[in-house]
Amino acid sequence: MLRVAAVLAAAALAAFAVAPAAGAASGPYPVLAAAGDIACAPNTPQTPTACHQAATAAIVGAIDPNAVAVLGDNQYETGYLPYYQSVFDATWGAFRPKTFPVPGNHEYYRVGADGYYGYFGGAAGDPTKGYYAYDLGRWHILALNSNCTYVACAAGSAQEQFVRSELAAHPQGCTMAYWHHALFSSQGGDPRMRDIWRDLTAARVDVVLSGHNHNYERFAGQDADRQLAPFSGPRQFVVGTGGRSLGAIRGTGRNSEIHQDTVFGVLALVLAPTGYAWSFDAEGGAFVDTGSTPCHDKVPPAIRLASVRPGAFRAAARGRFLAAGGGPAPSGGAFLRFRLSEPASMTFTVQRPAPGRRFRDTCLPARRRPSGNLGCTRWIALSNPVTRRLTGGHNRLLLSGRLGGRRLTPGSYRLMTTLVDRAENLATPAPIGFRIVR
């Protein structure tokens, strides 16, 4: 079992280039151990393919994690409190003080999952909800309830709104969610958490853990419709290998990166501030899956100190609308200067003002702009957008004052600029004003 600590340390060091603290498997970063579908009913004998909850508990002990996520169906065949106290407590119960559980369908075979909430108490959250959030290191983690017949999870439900609220309150850091029923699985996924997955993708959540299917599988980042989404979609780990039994995988599902269905095991995640390393360690060392990756880039690019100098200028006699480097031609043109927070594709659209009349929240066309609050300015695009791939830091372009082979007529204009970085983060469009003179 000592190999677990060594694998975690090596993965964390390779991914995040830090020195480990003395005696710690992952240096200064917390470790989360996870599995679901764990303990057999009392008096059920161990076989080669069933009731290995003691062996997986020993793996957790070797990992020595900071926190443990049990992913539902933690106690079979029902989550009856005496069963929890007899079998689960004798094995995985050793980690109860640092366990952050979620319920599975077998917990709800008891009315209101009373045994589950009775065993875990306040650690399981409000018994009428079964979902909650917590922080581990610099990560924000959502423990959710996928038993949607009992606790709604569709769009607009209290749980889905809770997810939206939590993600909005933590827009930039690394994030994880876990629940019992796997949305994706080569053994067959369960669609009930699809709406919440859409929220996770929109917020660029990094990792999802699930159980329910009694095997191990790792997926590439994908959206709720199984389309690859490497910059925004969560990577899902199915870890239904906690000990109860094993379920066969007959084929490989879309976006599956690796899977196994022949041995029990536990997933360990090293949670660094900007990324994570994982290690799935199986009973007897029969199967290992390791790797590491940065968290999704959640920070949009920014444009700063944007200006056109001079702000009022004559249109050039010749030249492209935007040109890199050089200086204004003697007959006109100006410099467009700005600073980018990172490399990005920048799109420019030339717009001119037009009079408008305000109606509620809309600016409608008008021959003349009314006075006072009834008046508004409409901005009309004069051209198709022009896109340039630019470096981070200081940039300088030549703005010719020409468009479509002709000089712009004298008057006020603006460049509406939009940024998209390499990770497809979109910045809020920003205007840069200028004026053409005779």
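**Exercise 1. Lay out the seven-stranded sheet, and find which strands stand at the edges.**

Solution.
Step 1. Write the strand order. The open sheet of seven strands runs β3-β4-β5-β6-β8-β7-β9, and its pairing is mixed. The model is a predicted one.
Step 2. Look for strands with a single partner. These are β3 (132-136) and β9 (256-260), so one side of each has no neighbour in the sheet.
Step 3. Check the twist. Direction ignored, neighbouring strands of this sheet are turned by 15° against each other on average.

**Exercise 2. Zoom in on β6 and β8: how many bridges join them, and which residue partners V208?**

Solution.
Step 1. Locate the strands. β6 covers residues 207-211 and β8 covers residues 235-239.
Step 2. Count and orient. Four bridges join the two strands, which run parallel.
Step 3. Pick out the pair. V208 has Q236 in β8 as its bridge partner.

**Exercise 3. Place helices α5 and α6 against the strands.**

Solution.
Step 1. Start with α5 (residues 158-169). Helix α5 lies across β3 and β4 (139-143). The angle between α5 and β4 is about 175°.
Step 2. Move to α6 (residues 194-202). Helix α6 packs on the sheet and touches β5 (175-181), β6 and β8. Its direction makes about 170° with that of β5.

**Exercise 4. Explain what the salt bridge of R244 ties together.**

Solution.
Step 1. Find the partner. R244 pairs with E77, and their closest N and O atoms are 3.0 Å apart. A salt bridge here needs nitrogen and carboxyl oxygen within 4 Å, so the pair qualifies.
Step 2. Place both ends. R244 sits in the loop between β8 and β9, while E77 sits in the loop between β2 (67-70) and α3 (81-91).
Step 3. Draw the conclusion. The two residues are 167 apart in sequence, so the pair ties together distant parts of the chain.
Step 4. Set the context. The whole structure has twelve salt bridges.

**Exercise 5. Describe the four-stranded sheet and one of its strand pairs.**

Solution.
Step 1. Write the order. The open sheet reads β13-β16-β21-β15, with antiparallel pairing.
Step 2. Name the edges. β13 (303-309) and β15 (322-324) each pair on one side only.
Step 3. Add the twist. Neighbouring strands of this sheet are turned by 25° against each other on average, direction ignored.
Step 4. Inspect an edge. Three bridges join β15 to β21 (residues 393-399). Within this pair, A323 is matched with L398.

**Exercise 6. Locate the backbone features with unusual geometry.**

Solution.
Step 1. Recall the rule. Most residues other than glycine have a negative phi, and most peptide bonds are trans.
Step 2. List cis bonds. The bond from Y76 to E77 is cis, with omega near -10°. Another cis bond joins R309 and P310, with omega about -5°. P310 lies in the loop between β13 and β14 (312-314).
Step 3. Look for positive phi. D64 is not a glycine, yet its phi is about 55°. D64 belongs to the loop between α2 (53-63) and β2. R360 also has a positive phi, near 55°, in the hairpin of β17 and β18. Two residues lie between those strands.

**Exercise 7. Characterise the largest pocket.**

Solution.
Step 1. Give its volume. The largest pocket holds about 270 Å³ of space.
Step 2. Count the lining. There are 19 lining residues, and P230, F231, T293, P294 and H296 lie nearest the centre.
Step 3. Sort by class. Ten are nonpolar, four polar and five charged.

Technical notes:
Residues numbered from 1 in each chain as written. Predicted model: local features only at pLDDT ≥ 70, side-chain atom pairs only at ≥ 80, totals over all residues. Heavy atoms only, no water. 1 Å grid on protein atoms, 1.4 Å probe; cavity = no way out; pocket = protein on both sides within 12 Å on 5 of 7 lines; lining within 4 Å. Points joined across faces, edges and corners; volume = space filled by probe spheres on them. Nonpolar A, V, L, I, M, F, W, Y, C, P; charged D, E, K, R; others polar. Pairing = 2+ DSSP bridges. Axes fitted to C-alpha atoms, helices over the stretch in contact; angles between N-to-C directions. Contact = heavy atoms within 4.5 Å. Salt bridge = Lys/Arg side-chain N within 4 Å of Asp/Glu carboxyl O.
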